[in-house]
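Colleague: I would be grateful for a close look at the enclosed space inside this protein, together with some account of its surroundings. Please treat the matter in one connected answer.

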Amino acid sequence: MRRPLNSLIQSSAYAFYKVLTTHCHALKLGTLADVYTANKILNAYTRCKELHIARKLFDEIPHRDTVSWNTMIAGFVNCGNLETACKILKNMRRCDFDFDGYSFGSLLKGVASAYRLEVGQQLHSMVIKMGYEENVYAGSALLDMYAKCEKVEDAYTVFEYLPEPNSVSWNALIAGFSKVGDRSTAFWLLHCMEKEGVRAEDGTFAPLLTLLDDIEFYKLTIQIHGKIGKHGLAFDNTVSNAMITAYSECGSIRDARKVFDGAVGMRDLVTWNSMLAAYLVHEEEELGFQLFLDMQRLGFEPDIYTYTSILSACFEKAHKSHGQSLHAVVIKRGLEYLVPISNALIAMYIKSNNTSMGEALKLFESMELKDRVSWNSILTGFSQIGLNEDALKLFGQMRSLMVEIDHYAFSAVLRSCADLATLQLGRQVHVLAIKSGFETNDFVASALIFLYSKCGIIEDARKSFEETPNDSSIAWNSLIFGYAQNGQGSIALDLFFLMRDRKVRLDHITFVAVLTACSHIGLVEEGLNFLKSMESDYGIPPRMEHYACAVDLLGRARRLGEARTLIESMPFKPDAMVWKTLLGACRVCGDIELATQVASHLLELEPEEHCTYVLLSHLYGHLRRWDEKANLTRLMRERGVKKVPGWSWIEIKNQVHAFNAEDQSHPLCKEIYQMLGELMEEITWLDTDTGLDALISDFDEPCESCDAKLLSA
């Protein structure tokens with residue numbers, strides 16, 4: 001079990017007290033002149049991270065040796081102070097002390113942690129110059145540095161020069177190839193390592209397990225688990241934690257739980273966090289909340305990762321109270337000022353519902369320190385709930401405050417441009433994305449495809465797609481949606497088959513896009529076949545949104561009975577989205593009886609949602625059932641439900657002008673209403689018999705220029 005923080009502080013204080021006592025005794029006995037004794041005390045100070053005292057002692061040692069210098073270098077590296085460590089190395093050379101494998105090894109460790117490739121390359125040249133390229137300690141550290149800086153080819157070259165690579169060297173190389181996602185090379189290296197008779201360790205298997213992140217690797221995960229057991233590492237913390245994550249990623253929450261249960265007595269905080277993350281990935285929120293309580297009951301204090309994970313599960317309506325309780329716990333424990341936790345709270349409130357955006361903004365404004373994630377969360381929130389003007393203003397503010405704009409920010413603001421149909425502004429953001437080097441990013445490309453599709457320029461959407469690597473489903477899905485929504489469903493389906501043939505990984509969004517395409521071009525049977533074959537042929541179980549698409553498909557074909565039967569056969573309880581889709585179909589078909597039944601379900605699920613009342617009211621009005629319409633209006637009034645007014649907007653000279661019904665907020669309001677009045681007068685005049693007769697007589701008069709144009713055509 002993990003020791004509480006206060007016991008760790010006490011043990012650190014005791015270790016420091018012990019070093020001070022030893023130092024005093026050495027001073028009293030005059031043994032500091034002995035370099036071995038001095039180095040031991042020096043090493044103890046660096047381990048306690050008391051570098052200022054260590055530096056003072058180092059300066060007082062009369063006869064330093066290479067160990068003294070290496071101890072100081074290692075001390076500063078371990079405290080993350082690479083610059084000072086480099087200065088000590090230079091001073092070591094000036095004082096005529098030769099470097100050894102440990103000097104280079106310690107410094108290269110710091111370079112790897114800081115990802116300072118250019119410094120590592122300079123040290124590499126010194127290693128070669130001084131003949132240490134075959135030294136196992138220096139060579140392994142050099143290999144590890146290149147691997148962590150993702151220069152795996154250079155790491156492999158260094159590896160080949162090592163006369164007898166040990167397990168550290170092999171592990172560093174395997175970790176490097178695992179980090180860059182080269183699965184085949186990483187497992188080939190494991191095979192070579194075993195063939196050479198080098199024993200695999202926890203550091204061998206842990207990085208390999210990160211590569212097993214899909215259901216197709218489930219059998220391989222079981223094989224690796226068996227190999228881990230043979231090596232006697234089944235109860236190693238690092239390996240167990242990685243196994244939990246691997247099984248979860250491969251779709252088996254049951255196996256993940258087995259590994260977790262088998263680690264009783266050896267669990268650390270990472271074990272609990274790994275299991276928590278597994279539950280949340282598999283949408284087992286209730287089990288996640290129970291685990292969160294169990295870990296504290298057993299004495300494990302949640303850390304930042306625990307809180308950010310559990311908060312991510314609190315956006316569903318059923319768990320909203322949990323989110324508020326956790327917010328209170330965070331405040332009580334004084335953690336609300338930690339940026340990652342504040343970001344998690346902001347995300348939770350944004351995802352909860354549209355009305356919680358105020359809470360998210362309040363949190364954002366109260367943060368003394370904001371990082372890129374904080375800004376992106378609010379920007380994405382504005383974009384997702386339709387506050388697109390606010391999103392554009394925030395994006396401008398981010399640029400003026402020199403906040404780093406990344407692919408998430410570009411994606412959010414481009415989607416806001418798409419929702420507002422502000423093509424010119426969208427093009428300007430596109431140019432900015434190109435200048436920033438993000439135009440080929442999957443998320444940015446997807447947003448660009450969405451923008452141009454929404455504005456009806458499908459050719460430019462296709463161009464944005466072609467500029468991406470085309471190896472992930474994100475851009476493909478957006479383009480399939482784009483063609484479907486622009487009435488080109490056949491091209492959308494052709495893209496799906498091309499995507500499948502090129503072995504691009506399909507996901508649940510792909511099938512939403514495909515079902516949308518089938519719906520838009522009336523391919524009912526084909527769409528239903530896609531729904532039936534999703535799990536059997538592609539391993540993707542249908543979700544709520546797929547059933548909603550299928551209901552829309554049947555509704556457009558006026559097959560309401562089949563749509564109702566499909567809803568009743570769903571493996572889970574239909575949500576409001578599914579019922580709203582059927583209600584919309586009832587309105588189109590004029591089926592008031594079914595519409596009334598569907599509306600009763602919706603009013604039970606979402607009694608405060610105005611859309612249900614409005615749709616049903618329109619249907620009653622269309623069928624001239626005025627009593628029912630009046631009753632519905634009365635019910636709205638009693639429940640305090642108000643119709644949310646629609647907005648219209650227009651872009652003029654890169655400025656978006658937004659209006660809603662009876663709006664008086666625009667600075668040119670007076671002139672707009674005057675022009676509107678003139679237009680209404682003209683419409684009224686045209687609607688009278690005199691106006692129509694005058695207009696018809698104008699059309700009856702022969703027009704030579706028109707006749708000439710018709711003849712030439």
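Modeller: The lining of the largest cavity is made up of three nonpolar residues, four polar residues and one charged residue. The model on which this rests is a predicted one. The residues concerned are Cys314, Lys320, Gly323, Gln324, Met348, Tyr349, Ser352 and Ser356. Under the classification used, Cys, Met and Tyr are nonpolar, Lys is charged, and Gly is counted with the polar residues. Two helices each contribute at least two residues to this lining, namely helix H19 (320–332) and helix H20 (339–352). The space in the largest cavity amounts to about 30 Å³, and the count of cavities of 30 Å³ or more comes to one. As a general point, empty space is revealed by rolling a probe the size of a water molecule over the atoms.

An open pocket may be set beside this cavity. The second largest pocket holds about 550 Å³ of space. Helix H2 (35–47), helix H4 (66–78), helix H6 (101–114), helix H8 (136–148) and helix H10 (167–179) are the elements that give two or more residues to the lining of this pocket. H4 supplies the largest share of that lining, with seven residues. In total, 24 residues line the second largest pocket, and those nearest its centre are Ala74, Gly105, Ser106, Lys109 and Tyr137. By character, the lining of the second largest pocket divides into ten nonpolar, ten polar and four charged residues.

Returning to the later part of the chain, one may consider a residue of helix H21. Helix H21 covers residues 357–366 and includes Lys362. Lys362 counts as exposed because its relative accessibility is 54%, where the cut-off for that class is over 50%. Between the C-alpha atoms of Lys362 and Ser436 there is a separation of 31 Å, the two residues being 74 apart along the chain.

The annotation record offers a further frame. UniProt, in an unreviewed entry, places the feature "repeat: PPR" at residues 65–99, 166–200, 268–302, 371–405 and 472–506. Two of these spans may be described from the model. Residues 371–405 are 74% helix and 0% strand, and the C-alpha atoms at the ends of this span lie 11 Å apart. For residues 472–506 the figures are 74% helix and 0% strand, with 9 Å between the end C-alpha atoms.

Definitions and conventions. Residues are numbered from 1 along each chain as its sequence is written. This is a predicted model: local features need pLDDT of at least 70, side-chain atom pairs count only at pLDDT 80 or more; totals for chains, interfaces and linings use all residues. Side-chain values use heavy atoms; hydrogens and water are left out. Helices (H or I, at least four residues) and strands (E, at least two) are DSSP runs, numbered from the N terminus. Buried means under 20% relative accessible area, exposed over 50%, partly exposed in between (1.4 Å probe, protein chains only). On a 1 Å grid over the protein atoms alone, a cavity is a set of points where a 1.4 Å probe fits but cannot get out, and a pocket is an open set with protein on both sides within 12 Å along at least five of seven lines; lining residues have an atom within 4 Å of a point. Grid points are joined across faces, edges and corners, and a volume is the space filled by probe spheres set on the points. UniProt positions are given in the numbering used here, feature names are shortened, and annotations may be inferred rather than shown by experiment.
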